Amino acid sequence: MKLGGASFLLALLIISIGLGPRFRLGALDDGRAIDLRPQDVLLPVAALVTYASAAGTALLDRRQVWWRWFAIACYAAVVVTVVQLLVDDQVSPLRRVAFLGRHLLLFAVAVVACALYRRSGGDAGKLALRLLVGAVAANVLWFAYQVVTGQATVLIGRAAGDQVDSYGPRLIGEPSSAGTGTFFAFAVALALAAYRAKLMSAATAVALFVPSAVCAYLAESRTALVSIICLVGLFVVQSSHGRLALAPRVALVGAAGSVAAWYVVHNHTERLSGGGLYRGARDRFQEVWTPILDRSADDPVFWVLGVGPGGLPSPALPITEAHNILLRAWLDFGLVGGALFLGALAIVAVHAYRVSRDPGVEPYTKLWAELATLYALVVAITGVALDSLTTVTSTHLLMLAIGLFAGAQAASATAAVPELARSA
């Protein structure tokens, strides 16, 4: 497979998101450290290359009007952050800009991945699939090393990596249980999507699925395990490959889910037990959600603007995370901006789902449409208990999937134009 400039940058982007560690820049803001990741440096360079050609980012037809809504929602973050800088001086401008950059970076991942895919030619889909599988395999091997040696730490060590208290083994470049779990939920979604698109054999899909599910379990990520069970259930119910009727398939999934739930409750650690689940929900309600609701009752402006990106924690609301995707969208962007952002993502997911159901769609377009749909579902499920759109690993993977889907759809439409011309 020949790698041109666009293909090489696409490969670097996928590798940096799948494997890239965090590097600490030190305490730059009120004693809080700022992290730098390889993609933070790569994206501006890749953006310059892709924007050098208008063909890299131009919308082709009405089928991609959803991309316009997505762009509007992401850039609306700029307006919210600027307004917050003007009206609230309790949070430093550095932290505001850092969180603004995190949200704009999400859009940059999607746009750059789309443009690089289109400029990479016919092998872009195959290249992206192989690299993503390779990233999963590398993290599974690193997981295995941690389990065998008892070393639960990031690969680059305490001095350079972001070292935090967590549970179980972790990814090469991700020190949190939440990010680790959602990565392996992404891997499960990739296996199911590739099998559905007939770009991966059943044996290969199982070989990708099983280690990923096991790693999510070892990471003790409750939300990831729930997501994986839901993905499997959805796959079995919708599958056109099985010989069973709908009712037996639903019963089979229910039985498998019940057995898995029983095993987790009775045989694993306290964190995954019934009591652990109850205490986690109770703590979120008492320590996070109640203070947010109390603040909203005392401050009408809070309803409209929230606290702005980077506004947690603040003297008025000393919590670090909202532990819920809807609350976090409201806190970051206000009621209107948060609804716009989540609504744009929902539009993308619905459009991707419709494309994935089209029997005549090109295989790699179907693959990335399936992946974007399934992983958007993972983000929604994990978002019940996590800030799943501010966790770097989960959000970058979601935007990468959206960008690959947009690029594949655009490339497919471009390829269809000469075919129509010849047939005419």
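Which residues lie nearest the centre of the second largest cavity, and how many residues line the second largest cavity? In this predicted model, the second largest cavity is lined by ten residues, and those that lie nearest its centre are Ile325, Arg328, Ala329, Leu389 and Thr390. The structure as a whole holds four cavities of 30 Å³ or more, and the two described below are the largest cavity, with about 130 Å³ of space, and the second largest, with a volume of about 60 Å³.

**The largest cavity**

- The lining of the largest cavity, which encloses about 130 Å³, is made up of 15 residues, and the closest to its centre are Ile17, Gly20, Gly173, Glu174 and Thr393.
- Two elements, helix H1 (5–19) and helix H14 (392–423), each give two or more residues to this lining, and the largest share, four residues, comes from H1.
- By residue class, the lining of the largest cavity divides into five nonpolar, seven polar and three charged residues.

**The second largest cavity**

- For the second largest cavity, with its volume of about 60 Å³, helix H12 (residues 325–356) gives the most to the lining, contributing six residues.
- The lining residues of the second largest cavity divide into five nonpolar, two polar and three charged, and Arg328 and Leu389 are among those that lie nearest its centre.

Technical notes
Residues are numbered from 1 along each chain as its sequence is written. This is a predicted model: local features need pLDDT of at least 70, side-chain atom pairs count only at pLDDT 80 or more; totals for chains, interfaces and linings use all residues. Side-chain values use heavy atoms; hydrogens and water are left out. On a 1 Å grid over the protein atoms alone, a cavity is a set of points where a 1.4 Å probe fits but cannot get out, and a pocket is an open set with protein on both sides within 12 Å along at least five of seven lines; lining residues have an atom within 4 Å of a point. Grid points are joined across faces, edges and corners, and a volume is the space filled by probe spheres set on the points. Ala, Val, Leu, Ile, Met, Phe, Trp, Tyr, Cys and Pro count as nonpolar, Asp, Glu, Lys and Arg as charged, and the others, Gly among them, as polar.
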